[in-house]
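Student: Please take a close look at one part of this model, the packing of its nonpolar core. I would like cut-offs with the terms.

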Amino acid sequence: MKLRRVCTVYFSPTGGTERLARALSGELAALFGLEEAFFPLTLPSGRGEPLSFGPQDLVVAASPVYAGRLPNKLAPVFAGLLHGEGAPSVALCAFGNRSPGDALREWLLLLEAGGFVPVAAASLACRHAFCDAIGAGRPDAEDFAALRDFARSAAPSLAGPAPRPLAFDRETPIAPYYTPLRTDGAPAKFLKAKPVRLAGCTRCGLCAGLCPMGSIDGATLEVTGVCIKCQACVRGCPAHALRFEDADFLSHVAMLRERFTGRAENAFLL
Ligand SMILES: Cc1cc2nc3c(=O)[nH]c(=O)nc-3n(C[C@H](O)[C@H](O)[C@H](O)COP(=O)(O)O)c2cc1C
Ligand code: SF4
Ligand code: SF4
């Protein structure tokens, strides 16, 4: 089947996943001479209607890694929204320099169950949403060059009359979620943590529009719903007036800074 366009579906609260997804989409579009279309799933408004693709759509599906898996509140939403109907797909996971865990395999199984035909997959390191010093500067020129090579290597599996399905481990149960640790090695318990609004808040309301969970009340600016700690509001606040102050959360970030500032390896499945 002749490919018609590259469709990029992504969830990306702090932009790292989106950068990688757009770079890969651009490479694939250039290789095959295709148009690009983008389907952001980051905000609730992008997740209202199911998205159906077909064999003529090459779908780049990209998600960040949270706790070694797909974001737990979003994975069932992705499963409900995304319908492949035979579309070849390339799965992408962006991880924050600690570990990609089992997220990529979870993504591949989800996509396959939704009717996509995964032909290639990659986990790429990114700056950690929690702290700029973890995965600092990633993705960098080396990562983008690796992504270019990956796109070229995946091309033959996509070019034929039918996409060549990726061989990957479908049998091993997906690993449990990673338990975040504090600097003292004990589990960091910050499930209920949410950002605190500081005196510098100008009440511009921007944070309410940035929250992927729609959890910030536009009138009161209080976090009234579930917080997935994605950092979209913290990083997006122009007044730098949002901060996590939960002691276990901060200790976890300090632990990551102590132990995960070395250069993490990317992984490619072809
Ligand atoms: C709640 C949460 C959990 C995370 N868990 C992991 C993890 O287990 N391993 C890892 O390497 N990075 C982890 N990260 C870092 C993200 O994978 C990384 O920052 C990613 O680039 C964020 O994507 P975005 O920039 O598109 O929002 C986590 C980030 C958040 C917000
Ligand atoms: S984005 Fe920042 S300044 Fe604007 S309302 Fe939210 S916390 Fe206040
Ligand atoms: S309130 Fe929580 S879920 Fe919403 S943007 Fe901020 S960190 Fe993300």
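Tutor: Here is the core, with the terms defined as they come up. This is a predicted model, where local features need pLDDT of at least 70, side-chain atom pairs count only at pLDDT 80 or more, and totals for chains, interfaces and linings use all residues. Residues are numbered from 1 along each chain as its sequence is written, and chains are lettered from A and ligands numbered from 1 in the order in which they are written.

The largest nonpolar core has 53 residues. Such a core is a set of buried Ala, Val, Leu, Ile, Met, Phe, Trp, Tyr and Cys residues joined through C-beta atoms within 7 Å. Buried means that 20 or more other C-beta atoms, placed from the backbone, lie within 10 Å of the residue's own. Of the 270 residues of the protein chain, 43% count as buried.

Val60, Leu92 and Trp107 have the most contacts inside the core. At least two core residues come from each of several elements, including strand 1 (5-10), helix 1 (16-32), strand 4 (57-64) and strand 6 (88-95). Helices (H or I, at least four residues) and strands (E, at least two) are DSSP runs, numbered from the N terminus. Strand 7 gives the most, with 7 residues.

Now Val60. Not counting residues up to four places away in sequence, Val60 touches Val6, Thr8, Ala21, Leu24, Ser25, Leu28, Val90 and Leu92. Contact means C-beta atoms, placed from the backbone, within 7 Å.

Another core, of 21 residues, lies apart from the largest one. Among its residues are Ile134, Cys227, Cys233 and Phe249.

Terms used. Buried ≥ 20, exposed ≤ 12 C-beta atoms within 10 Å, placed from the backbone. Contact = placed C-beta atoms within 7 Å.
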